[in-house]
Amino acid sequence: MGNNIDTNKKIPVILDGDPGHDDAIAWVLAKACNEFDIKAITTVAGNQTLDKVTYNARRIAALLKIDIEVARGRKVPMLSDLIIAPNFHGESGLDGPELPEPNHEESELSAVEMMAKVLKESKEKVIIVATGPLSNVAALLLSHPELKEKIEIISIMGGG
């Protein structure tokens, strides 16, 4: 009675968020999970402006030694105005902890292009972990509906 499950096989994951403190902690946990293979980090405006959250994502990637470029996503929500949260996350979007400077340039691909590339190239279905506004995920599904079959699940941190 053999077990045919490959315990060394990692689950491909895309981290899509607006790092603030909550996303940063979620990404620490994702990096610590040996079952995950982080294929992309994409950003979306939310906790702070797109410039600030993209810079924060690059700093978090450097801290966690995630050796990939970060792709910049949507600057504003699709159907409303951007509302940021400096009262929770500070003016930088990640006030408080001292983080290293980014060690990779930002990707030339947009977040949607990066997500589509990962999905197209993956032999396995991919998990999208969206810890910010779902604007990038919506834009991906609208622009590449043929890729939805390549998504295992979309795990969200919901709020309102």
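Helix 2 is followed by Lys65, and in this predicted model the phi of Lys65 is positive, near 60 degrees. The helix that ends before Lys65 can be checked for its length: at 1.5 Å a residue, the 15 residues of helix 2 should span 21 Å, and because its end C-alpha atoms are 21 Å apart, the two values agree.

How many of the 15 residues of helix 2 are buried? The count is 11, so helix 2 is largely enclosed by the rest of the structure. The buried residues include nonpolar ones such as Leu50, Val53, Ile60 and Leu64, and also Thr54, Asn56, Arg58 and Arg59. Among the elements that cover the buried residues of helix 2 are helix 1, strand 2 and strand 3 (70-72).

In soluble globular proteins, nonpolar side chains tend to be buried together. Here the largest nonpolar core has 18 residues, and those with the most contacts inside this core are Leu15, Trp27, Ile38, Ile41, Ile60 and Ile66. The elements that each give two or more residues to this core are set out below.

| Element | Residue range |
|---|---|
| Strand 1 | 11-17 |
| Helix 1 | 21-32 |
| Strand 2 | 36-43 |
| Helix 2 | 50-64 |
| Strand 4 | 126-130 |

Helix 2 provides the largest share of this core, 4 residues. Apart from this core lies another, of 17 residues, which includes Met114, Met115, Val118 and Ala139.

Leu15 shows how the 18-residue core is joined: leaving aside residues up to four places away in sequence, Leu15 touches Trp27, Ala30, Ile38, Ala40, Ile41, Thr42 and Val129.

Definitions and conventions. Residues numbered from 1 in each chain as written. Predicted model: local features only at pLDDT ≥ 70, side-chain atom pairs only at ≥ 80, totals over all residues. Heavy atoms only, no water. Core = buried A, V, L, I, M, F, W, Y, C linked by side-chain atoms within 4.5 Å. Buried < 20%, exposed > 50% of the residue type's maximum accessible area, 1.4 Å probe, protein only. Contact = heavy atoms within 4.5 Å. Expected span 1.5 Å × (residues − 1).
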